[in-house]
Amino acid sequence: MTTRFKLLILGAIISLGLIIGVVLSSDHFASEPSPQLFYDLVSDHLKAFQKEDFSSAYAMTSGNLRRAVSEPQFAALMKQYGLDTLDYRFVEFGPFLCKGNRAEMDINGISGKNGSLFFRYYFVRESGKWKVESFQLCSEPRRPLRQVRKST
């Protein structure tokens, strides 16, 4: 074997190793997060509202949301919509969808003044941690419940 051939083989092995390393470290092969992670995040978010701990609820939100809305504005909006007065003892978590660094989940059965309420939560992964990107009040669940976990 010539030196040139040995260097060529060594270069091919190093290149192959780099390619495998890049592929294995990419999000393409990252496992989908467990629904439990989202259940816990939403439960903590709702409990913070119930305790009127808007600072904790605000800390669970994404950087984009925090740049758009200040903490005092966030607290005022949550009070305006009555999120501090809802009964969060019985909550049904609907199915969640996850694609890459974004996910969403329907939350059903929160008791309000006018019956059950439905929320849609949107999440984003920032620096490896999932955060609440936004959430909205819905008039009805978007899709039938298939995966349901009740929170008490």
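When I say contact this morning, I mean heavy atoms within 4.5 Å. With that in hand, hello everyone, and please keep in mind that what you see above is a predicted model.

Let's start with the overall layout. The protein chain has 152 residues, and 37% of them count as buried. Its secondary structure comes to 5 helices and 5 strands, and the order from the N terminus is α-α-α-α-α-β-β-β-β-β. If you take the contacts with a separation of 6 or more, 52% of them come from residues 24 or more positions apart. On the outside, the accessible surface of the chain is about 9600 Å², with 57% of that belonging to carbon and sulfur atoms.

Now to the inside. In soluble globular proteins, nonpolar side chains tend to be buried together. Here, the largest nonpolar core has 31 residues, and those with the most contacts inside it are Phe49, Met105, Ile107, Phe119, Tyr121, Phe123 and Phe135. Which elements give two or more residues to this core? They are helix 2 (35-50), helix 3 (54-59), helix 5 (71-80), and then strand 1 (91-99), strand 2 (102-112), strand 3 (115-126) and strand 4 (129-138). Helix 2 gives the most, with 7 residues.

Met105 is a nice one to click on. Leaving aside neighbours within four places in sequence, Met105 is in contact with residues including Pro35, Phe38, Tyr39, Phe93, Phe96, Phe119, Tyr121 and Phe123. Arg120 is also among the contacts of Met105, and we will come back to Arg120 in a moment.

You will have noticed the rings. The structure holds 10 aromatic pairs. Take Phe38 and Trp130: the ring centres are 5.2 Å apart and the planes sit at 65°, so this pair is edge-to-face, since over 60 degrees is what that takes. Phe38 belongs to helix 2 and Trp130 to strand 4, 92 residues apart, so the pair links distant parts of the chain. Are these two buried or exposed? Phe38 is buried, at 0% relative accessible area, and Trp130, at 10%, counts as buried too. Both rings also belong to a wider cluster linked by ring pairs, along with Phe49, Phe54, Tyr58, Phe74, Phe96, Tyr121, Phe123 and Phe135.

Back to Arg120, as promised. How many salt bridges does the structure hold? The count is 1, and it joins the side chains of Arg120 and Asp106, at 3.0 Å from N to O. Arg120 lies in strand 3 and Asp106 in strand 2, so the salt bridge ties together parts that are 14 residues apart in sequence. Both of these charged partners are buried.

Let me finish with the backbone. Most residues other than glycine have a negative phi. Two residues here are worth a look on that score. Glu52, though not a glycine, has a positive phi of about 55°, and it is in the loop between helix 2 and helix 3. Ser127 also has a positive phi, near 50°, and it is found in the loop between strand 3 and strand 4. Where do they stand on accessibility? Glu52 is partly exposed, at 45%, whereas Ser127 is exposed, with a relative accessible area of 80%.

That's my tour; thanks for listening, and I'm happy to take questions.

Technical notes
Residues are numbered from 1 along each chain as its sequence is written. This is a predicted model: local features need pLDDT of at least 70, side-chain atom pairs count only at pLDDT 80 or more; totals for chains, interfaces and linings use all residues. Side-chain values use heavy atoms; hydrogens and water are left out. A nonpolar core is a set of buried Ala, Val, Leu, Ile, Met, Phe, Trp, Tyr and Cys residues joined through side-chain atoms within 4.5 Å. Buried means under 20% relative accessible area, exposed over 50%, partly exposed in between (1.4 Å probe, protein chains only). Helices (H or I, at least four residues) and strands (E, at least two) are DSSP runs, numbered from the N terminus. Rings of Phe, Tyr and Trp (its six-membered ring) pair if their centres lie within 6.5 Å; planes under 30 degrees apart count as stacked, over 60 as edge-to-face and the rest as tilted. Accessible areas come from the Shrake-Rupley method with a 1.4 Å probe; for residues, only the protein chains shown count as cover. A salt bridge is a side-chain nitrogen of Lys or Arg within 4 Å of a carboxyl oxygen of Asp or Glu.
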